[in-house]
Amino acid sequence: MNYKDRYNCWIKDDYFDSEVREELLSIADDEEEIKDRFYKDLEFGTAGLRGVVGYGTNRMNKYTVAKATQGIAYYVLENSKSEEKTAVISYDGRIKSDEFALIAARVFAANGIKTYLFKGMKPTPEASFAVRELRTDTGVMITASHNPPEYNGYKAYGSDGAQYSTTDSEKITEKFNQIRSYEEIKIISEEEAREKKLILDVPDSVDNRYIEEVLNLSLRDDIDKDINIVYTPLHGVGAENVLKVLDRRGFMNVHTVKEQKKPDGNFPTLEYPNPEDIKAFELAITLAKEKKADIIIATDPDTDRVAALIERDGEYHKISGNEMGYLLMDYILSEKKKRNELPENGVLVKTIVSSRFTESIADDYGLEYRDVYTGFKNIAKAIRELEAEDKGEYIFGYEESIGYLPETFVRDKDAVSTTMLIAEMTAAYKKDGIHLLDRLDELYRKYGYFEEKLYSVILKGIKGREIIDKIMEEFRSNYPEMIGKSVLVEMKDYREQKGYKADYVYDLGYDEKENAVKYIFDDKSWYVMRPSGTEPKIKIYIYATDKDKDIAKNKVDEISKVVDDIIKNIEDENN
């Protein structure tokens, strides 16, 4: 069935309600919009679903959410060894998040899966925690994280509270793809499900236990609790938990950006609700200057990612995702060492696109480090493997895109616990007369400067996807072997699971594939090309290290120019 036939089917089929017909008829004269909505099904990938909210097979709506849930239900019923099958569902403040959460609960219930539904909006890390605390077979978080307002999404978790592995996601995708008609999806009313005790409220004890576990991560109490903090949840769901934790840690000077405190899926004060973007801090900086804040902390809409700005001489300086990773690693390791709590078999985990600083600090402390694919499901997988092998103890993991996990009671990135530790670390250094930026500079002098450039090339639509594929193939087959004075010494193709070094080819040894390529030069500079799995863009990660900061920066700029020129040529040839 082509896209036009699918479009007409959705208009004419009585299964779809009048709201669907009204919306779809309104685009009857827009061929490109019809094609984009119906040329494919919204794919159930390794992170679940994510897409623009609207009606159509390639959109986030109650029908695609129900279909995804039915696929997971089939998977759980077939694979779970639990006598009673269970699920837990949470959601953030995005448009239709509450509606999609209830739809998912009703589908699980219709399949005989007892479902705990949060009574209100909660952060993503608490959804992961709830799976573990309630010992459910699966979990769902309705969120599109930091995507623009028109997006929503659906994250799915396995019984350990981690996002499903690639292998399990493929099994769920198979079930999802076997659903040929929406009429196959089982669904009952909320009233019937609650009457049969197949939909239950998540107990308040889950909230309380999560907060207690976060507070137990504190490493030091002799800190300057009078530090001045400005916090913004960026219209997301972070305020309740973050402010509660900071208050219970004794931080009394916490000022919240009032215009951004309440959840609002329209994000009225922001172009893009992503704390990686300095523009998201505009209101927070204004408040910080008024309050003379020491630090500004922002969490993203579902509160799994966190970024910070540090005050110096009346200005606020952004700390990159990698730099905050360095600071947190150093603080956690040094404090654990002082407390004699640093395990001899401790392990640090980072992604293949994060800085090699982790290697340096792991060597310094005599610890192991592990490189994993991008996405926190892979950091969670490393935790799972460490527990199964009983050969190492997880201490800390992070990815450069401002995601951190200083615990194992959650198996996804956690901005609530990380915010507490950032505040504690800042207050501890202030008590010791050390500015956070000075501590960062000390680390650079000790381990070398790590310069970075992380950016994306956005290519929307079907044509954009084709160009992204061509860019990746070009970089696989015709990559530059010298950039400036940097000589290529190694290339890693994670899709093909092959490494190329000097005159030999070797197996990368990962048990799963990733559509990414990495190029490593003789001076330890490198770059990675990786298409996003959830957005129409290709991500470029560039790093260089040197004892001289300017030299490291020049290397990054040289690589960036060469990469950009190649991409531009490919775009020009295909437009």
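How far apart are the end C-alpha atoms of helix α14 (residues 376-389), and what should its 14 residues span at 1.5 Å a residue? The two values agree: the helix should span 20 Å, and its end C-alpha atoms are 20 Å apart. Keep in mind that this is a predicted model. Here's a quick tour of two helices, the nonpolar cores, a pocket and a few single residues.

**Helix α14**
- A good part of α14 is tucked away, with Phe-376, Lys-377, Asn-378, Ile-379, Ala-380, Lys-381, Ala-382, Ile-383 and Leu-386 all buried.
- Those buried residues pack against one helix, α7 (166-177), and against the strands β12 (346-351), β13 (368-372), β14 (393-399) and β15 (403-405).
- Right after α14 comes Asp-390, with a positive phi of about 55°.

**Helix α12 and what follows**
- Helix α12 (residues 321-338) passes the same kind of length check: at 1.5 Å a residue its 18 residues should span 26 Å, and the end C-alpha atoms sit 26 Å apart.
- Most of α12 is covered, with 15 of its 18 residues buried.
- Just past α12, Asn-340 takes a positive phi of about 55°, even though it isn't a glycine.
- Asn-340 belongs to the loop between α12 and β12.
- With a relative accessibility of 72%, Asn-340 is over the 50% cut-off, so it counts as exposed.

**Nonpolar cores**
- The largest nonpolar core has 99 residues, and within it Leu-348 and Phe-396 touch the most other members.
- Helix α15 (residues 415-431) gives this core its largest share, 10 residues.
- There's also a second, separate core of 49 residues, with Phe-44, Ala-105, Ile-142 and Ala-193 among its members.
- Back to Phe-396: leaving out neighbours within four places in sequence, its contacts include Gly-325, Leu-328, Met-329 and Ile-332.
- Phe-396 is also in contact with Val-347, Leu-348, Val-349, Tyr-404, Leu-405 and Pro-406.
- As a general backdrop, nonpolar side chains tend to be buried together in soluble globular proteins.

**Second largest pocket**
- About 400 Å³ of space lies in this pocket.
- It's lined by 16 residues, of which Arg-6, Thr-57, Arg-180, Ser-181 and Tyr-182 are the closest to the centre.
- Helix α1 (residues 3-12) supplies the largest share of the lining of the second largest pocket, 3 residues.
- Sorted by class, the lining holds 7 nonpolar, 3 polar and 6 charged residues.

**Two buried residues**
- Ser-128 sits in helix α6 (residues 124-134).
- The relative accessible area of Ser-128 is 0%, which is under the 20% cut-off, so Ser-128 counts as buried.
- Setting aside neighbours within four places in sequence, Ser-128 is in contact with Tyr-157, Gly-161, Val-410, Arg-411 and Asp-412.
- Tyr-151 is part of strand β5 (residues 151-157).
- Tyr-151 is buried too, because its relative accessible area of 14% is under 20%.
- Not counting residues up to four places away in sequence, Tyr-151 touches Arg-50, Gly-51, Val-52, Val-53, Arg-94, Ala-144 and Pro-536.
- If you're after a distance, Tyr-151 and Ala-423 are 31 Å apart in space, C-alpha to C-alpha, and 272 residues apart in sequence.

**Another positive phi**
- Most residues other than glycine have a negative phi.
- Lys-197 has a positive value near 60° and is not a glycine.
- You'll find Lys-197 in the loop between α8 (190-195) and β6 (199-201).
- Lys-197 is exposed, because its relative accessible area of 57% is over 50%.

Methods
Residues numbered from 1 in each chain as written. Predicted model: local features only at pLDDT ≥ 70, side-chain atom pairs only at ≥ 80, totals over all residues. Heavy atoms only, no water. Core = buried A, V, L, I, M, F, W, Y, C linked by side-chain atoms within 4.5 Å. Buried < 20%, exposed > 50% of the residue type's maximum accessible area, 1.4 Å probe, protein only. Helix = DSSP H or I, 4+ residues; strand = E, 2+ residues; numbered from the N terminus. Contact = heavy atoms within 4.5 Å. 1 Å grid on protein atoms, 1.4 Å probe; cavity = no way out; pocket = protein on both sides within 12 Å on 5 of 7 lines; lining within 4 Å. Points joined across faces, edges and corners; volume = space filled by probe spheres on them. Nonpolar A, V, L, I, M, F, W, Y, C, P; charged D, E, K, R; others polar. Expected span 1.5 Å × (residues − 1).
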